[in-house]
Amino acid sequence: MPSVPRLVIAAPASGSGKTTVATGLMAAFAARGLAVSPHKVGPDYIDPGYHTLASGRVGRNLDAYLCGPELIGPLFLHGARGCDVAVVEGVMGLYDGAAKEGELASTAHVAKLLRAPVVLVVDASSQSRSVAALVHGFASWDPQVRVGGVILNKVASDRHEELLREALDSAGVPVLGVLRRAAQVDTPSRHLGLVPVAERHTAAVEAVAAMGAQVEAGCDLEALLGLARGAGTLSCAAWDAAEVVASSPPPPLPVPTLGAAPPDPRFRPEGPRPQTPDGLDGAGRLGGVGLGVRIAMAGGAAFTFSYAEHAELLTAAGATVVPFDPLRDEQLPDDTHGLVIGGGFPEVYAAELSANEPLRKAVAAFARSGAPVAAECAGLLYLCRELDGRPMCGVLDASARMSERLTLGYRDAVAVGDSSLAVAGTRMRAHEFHRTVVEPGSGTAPAWGVRSPRRLVEGFVQQGVHASYLHTHWAAEPGVARRFVERCRTS
């Protein structure tokens, strides 16, 4: 496909204004009639919601740890099909990646994989001439990272701007925008970051409009577009859910001991694929999988965390994905064969979720029937007996509560036993991000063995239920979606 003009919006550190600039830039470009493709580096689920508002297209993640570096280009091109320009918001500081993994999954790493120029957003609120040293250091640290310009954020006055521009003249990096302090573009935060769009839609629309207006007024959009058009050509093909579902089922693997380091899931043995236990032949043919299968996917304000590719993979495997809102709907969608409950903030809506007793009972009965249920993080909490003392679905004999401790980080995981999602030994990379505790942390049949930060087992597998704190990206293992649909068809 033709090269898509693109920019990566990065910063020296978190809190510099990446989201404001990236979202505002998407909105400003869209207001000019451009088709804008929005992307976010890393596992963040919340920022893409604001990107979707700004661009009118689904925000997508580019995570080189969860999916592997080789999928970054294909996933980017998939999301950017038919677009005039793409804006990629970075994560943390430009060179911050996965712990103890060097540059892996950093904004700089993704920018290099995309051959995209970087625009550095600098919080200039407490500096003047020092900004030149800061920008020079970031621009020269890695010669393969092209820092094509700077946007100065939180500039106090015309005099402050003059001092900053004078200092940056010597750094050799052009100033492409200057943004003043503006309270109206601030977005509220809480224990896990920004408040999602679904919880404050009207206010979020107003904030995104304000971001777009601020970027339009303070940035040189033509110069930014010109920089985007200078991105290098990508030689890979766009990712396609139907193709990967048809051709890439994971082979069954023996269960390793938890003390052994699982091999990198991106490299597989050569040779013919064996017959798998989930009805997939060696050529990857579906053999009728998915005919008539309907999968209910939780959404609404309490369950906002989901990668767009998950629904696309389930659809490609032959299922119809039907959204429902556990805060409002009292029954599962008609003719549901499988249930997916992703991440979100059930702790914020515990009272409302608990009050919806008809749905809680319907979910419990559905799980007891042996039908497939895939639950991640928030979904895990919802399936527990209680959350902060309020009754939940009672599918799992476990209780959940809020905690002061933040659990955060990438994980290497291996399926301990067979489940509706994976055969024993399936290896996946995952991300964990929560301020809750589930007790006990695993069932008699755990979902995953986790190698880092310490060796443990976690999650629950019982009948058709697979429930875990770990967020995974199914694009890395399309056979997960495929197996789930097959289980929905046969259960």
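Strand E2 and the H3–H4 crossing

Tutor: In this predicted model, strand E2 (residues 36-41) and strand E4 (residues 85-89) run parallel, joined by five bridges.

Student: What makes E2 and E4 a pair?

Tutor: Pairing needs at least two bridges. E2 and E4 have five, so they count as paired. One of the contacts by bridge is His39, whose partner in E4 is Val88.

Student: How do you know that E2 also pairs with E3?

Tutor: Three bridges join E2 to strand E3 (residues 60-62), in the parallel sense. The threshold is at least two, so this is a pair. Here His39 stands opposite Arg60. Helix H2 (residues 47-55) joins the picture too: E2, H2 and E3 make a right-handed β-α-β unit.

Student: Why is E2 called mostly covered?

Tutor: Buried means under 20% relative accessible area. Six of the six residues in E2 are buried, so the strand is called mostly covered.

Student: Which residues of E2 point which way?

Tutor: Val36, Pro38 and Lys40 point one way, and Ser37, His39 and Val41 the other. All are buried. In a regular strand, side chains alternate between the two faces of the sheet.

Student: Why are H3 and H4 called roughly perpendicular?

Tutor: The axes of H3 (residues 72-79) and H4 (residues 107-114) cross at roughly 75 degrees and come within 9 Å. The perpendicular class spans 65 to 115 degrees, so H3 is roughly perpendicular to H4.

Student: What meets what between H3 and H4?

Tutor: Ile72, Gly73 and Phe76 in H3 meet Val110, Leu113 and Leu114 in H4. By class, that contact has five nonpolar, one polar and no charged residues. Gly counts as polar, so Gly73 is the polar one.

Notes:
Residues are numbered from 1 along each chain as its sequence is written. This is a predicted model: local features need pLDDT of at least 70, side-chain atom pairs count only at pLDDT 80 or more; totals for chains, interfaces and linings use all residues. Side-chain values use heavy atoms; hydrogens and water are left out. Axes are lines fitted to C-alpha atoms, for helices over the stretch in contact, and angles run from 0 to 180 degrees between N-to-C directions. Helices (H or I, at least four residues) and strands (E, at least two) are DSSP runs, numbered from the N terminus. Angles under 35 degrees count as roughly parallel, over 145 as roughly antiparallel, 65 to 115 as roughly perpendicular and the rest as oblique. Contact means heavy atoms within 4.5 Å. Buried means under 20% relative accessible area, exposed over 50%, partly exposed in between (1.4 Å probe, protein chains only). A crossover is right-handed if, with the strands pointing away from the viewer, the path from the first strand over the helix to the second runs clockwise.
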